[in-house]
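Me: I should like to go through the terms applied to this structure and ask what each one rests on. Please set every value against its definition.

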Amino acid sequence: MSDDVLNIQPTIRQIFSGPCDFRLGVVNLEQLPSSHMPEIAFAGRSNVGKSSLINAIMGRKIANVSHTPGRTQQLNFFEVGPHFWLVDMPGYGYAKVSKTLKKSWDSLIKNYLVGRPNLRVVFLLIDSRHGLKDSDLEMMKMLDKSAVAYRIILTKSDEPKASDLKSVKEQVELAIKKNPAAFPSALPVSSWEKKGLDDIHEIIMGLI
Ligand code: GDP
């Protein structure tokens, strides 16, 4: 085999415009598929704009943009060709969720985070209009405890004024300063204006 053949790396376009198939949704860990594929996960409060961002990153509708916050309570796995698995984590922080459901959610997430050596990064989505909420801080604690690398994404960055976006970014970056598993800077994105998507593509490329 020639060196040319060995050195072929898929391009961003080939990865993100290639096949992407829903594989399964799990509500408890026994259902988790064993896989050696790199996994890239997306987490955030209900209504943070997670489905819209996943769809924008993949350039097609794979996740359901929901009008009823707090509905999806399972981990959804999508196989992105032979490159990686994209994991849509259940939205958290929805006030109307029962204590029992919250408990089972917490244990599903915790166990997923500690039991997945192939999990490369969790993109933790924060709504740039609201900044960090208590439930986000809880999630960050969980990520730090499980030593999973995570990166904060500020969603809906088309909405706040530039000065407000800047202060939310600063607030978040100050909060993650002490968190060892967090990447130090927060990335503003807008699915509506397709801003920041190239950065996310590059980050994923660097991890798979
Ligand atoms: P999820 O519950 O986190 O999956 O959030 P969705 O993707 O369903 O979006 C929640 C709401 O935020 C919907 O009304 C979306 O239209 C809106 N939204 C999503 N992305 C953006 C964005 O980039 N900018 C703005 N302004 N709104 C957005």
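Me: What makes Gly 81 notable in the hairpin of strand 3 and strand 4?
Reply: Gly 81 takes a positive phi near 50° in this hairpin, which has three residues between its strands. The model is a predicted one, in which local features need pLDDT of at least 70, side-chain atom pairs count only at pLDDT 80 or more, and totals for chains, interfaces and linings use all residues. Residues are numbered from 1 along each chain as its sequence is written, and side-chain values use heavy atoms, with hydrogens and water left out.

Me: How do you know that strand 3 and strand 4 pair?
Reply: Two strands pair if DSSP finds at least two bridges between them; strands are DSSP runs of E of at least two residues, and helices are runs of H or I of at least four, numbered from the N terminus. Five bridges join strand 3 to strand 4 (residues 84-88), and the two run antiparallel. Val 80 has Phe 84 in strand 4 as its bridge partner. Strand 3 also pairs with strand 1 (residues 20-26), in the antiparallel sense over six bridges, with Phe 77 as the bridge partner of Leu 24.

Me: Why is strand 3 called largely enclosed?
Reply: Buried means under 20% relative accessible area, against over 50% for exposed and partly exposed in between (1.4 Å probe, protein chains only). Five of the six residues of strand 3 (residues 75-80) are buried, so the rest of the structure largely encloses this strand.

Me: What makes strand 2 mostly covered?
Reply: Six of the six residues of strand 2 (residues 39-44) are buried. Glu 39, Ala 41 and Ala 43 point one way, Ile 40, Phe 42 and Gly 44 the other. In a regular strand, side chains alternate between the two faces of the sheet. Strand 2 runs parallel to strand 4, joined by four bridges, and pairs in the parallel sense with strand 5 (residues 119-127) over six bridges.

Me: How do you know that Ser 52 and Asp 158 make polar contacts with the ligand?
Reply: A polar contact is a pair of N or O atoms within 3.5 Å; within protein, one must be able to donate a hydrogen and the other to accept it, and residues adjacent in sequence count only if both atoms are side-chain atoms. An N or O atom in the side chain of Ser 52 lies 2.6 Å from a ligand oxygen, and one in the side chain of Asp 158 lies 2.7 Å from a ligand nitrogen. Both pairs therefore qualify, being within 3.5 Å.
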